[in-house]
Amino acid sequence: MFLLVGERIFLVREGEKINTQYGIIDVRKAKPGKTIKSSLGKTFLVMEPSLPDMLKKCKRGPQIIMPKDACQIVAVTGVCPGWRCLDAGGGSGFLSLFLANIVKPTGAVTAYEREKCFADIIKHNIKLCDMGNIIKLKNKDILKGFSEKNLNLITLDMKDAEKIIPKAFKSLKTGGWLCVYSPHIEQQKRAVASMGQFSEIKTIETIQREWQVDNSGEGYTHPKPSGILHTGFMTFGRKVR
Ligand SMILES: C[S@@+](CC[C@H](N)C(=O)[O-])C[C@H]1O[C@@H](n2cnc3c(N)ncnc32)[C@H](O)[C@@H]1O
């Protein structure tokens, strides 16, 4: 895929020709770092897309874990290349993709999604982001059991997450981490009540405010009045045994 940056931004497949308001853009000869002109003479810079660029093109089904929350997993657990992760439920696959982008090229993410329609969305997104060699998708109900062992990280963003927390503990390596995402405090409480074997337990909520920056010199810079505030609570625990 290429990102074409000009008056507008386009994400296009290599070898594609697209029809736009700026005329036809033919990317067959495009090279990252070079510019390309549309048939109406508009210039676009060709870049390689990053994962956040790709996620904008991904399909969405169930509510995703947002970047402001996903990045906390890196901060708390230190997830890095080579880690073996399990992510349930898979939902739209956004968290699995976020983790895959960090643990690649030697790590792995196994995503469990119970519903076939959502598993199909994840499959589509894995293919689009070219993560098929890192993410293994299982269209299964994880409450019925899972066989993955020696994991560095387990992330749970699903109903009844507390029911598999004891099994999650057994499946982690010493030093491995569990992260439970709970939209409601009642779910968070049930998760913590099941985390008796874990150490370093903490629950966080991330509030991110974007600011309206005024460069006019008039002094009108202020936080934007609206934004996404509460999304979910994230509860972390570490296997120290
Ligand atoms: C909120 S979504 C997860 C979104 C995901 N974290 C993302 O970033 O795209 C929750 C998902 O968990 C799935 N789920 C619920 N219970 C499950 C189970 N027992 N096994 C596997 N998946 C389950 C649901 O079908 C739903 O797709």
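Q: In this predicted model, which residue follows helix α2 and has a positive phi?
A: Helix α2 covers residues 67-77, and the residue to look at is the one that comes after the helix. Its phi is positive, near 75°, and this residue is G78.

Q: Why can the buried residues of α2 be placed on the same side of the helix?
A: The residues of α2 that count as buried are D69, A70, I73 and T77. In general, an α-helix has 3.6 residues a turn, so residues three or four places apart point the same way. Here the buried residues lie on the same side of α2 because they cover an arc around the axis of only 105°.

Q: Which helix is included in what covers the buried residues of α2?
A: The cover over the buried residues of α2 includes the strands β10 (151-156), β11 (172-182) and β15 (233-238). Besides these strands, the cover includes a helix, and that helix is α3.

Q: Which helix gives the most residues to the largest nonpolar core?
A: The largest nonpolar core has 55 residues, and those that touch the most other members are L99, V103, V109 and L178. The helix that spans residues 94-103 contributes eight residues to this core, the most of any, and it is α3.

Q: Into which domains is the protein assigned, and how many Å separate their centres?
A: The domain assignment places residues 2-49 in domain 1 and residues 54-238 in domain 2. Taken over C-alpha atoms, the centres of domain 1 and domain 2 are separated by 33 Å.

Notes:
Residues are numbered from 1 along each chain as its sequence is written. This is a predicted model: local features need pLDDT of at least 70, side-chain atom pairs count only at pLDDT 80 or more; totals for chains, interfaces and linings use all residues. Domain bounds come from an automatic or database domain assignment. A nonpolar core is a set of buried Ala, Val, Leu, Ile, Met, Phe, Trp, Tyr and Cys residues joined through C-beta atoms within 7 Å. A residue is buried if 20 or more other C-beta atoms lie within 10 Å of its own, exposed if 12 or fewer, and partly exposed in between; C-beta atoms are placed from the backbone. Helices (H or I, at least four residues) and strands (E, at least two) are DSSP runs, numbered from the N terminus. The arc is that of the directions from the helix axis to the C-beta atoms. Two residues are in contact if their C-beta atoms, placed from the backbone, lie within 7 Å.
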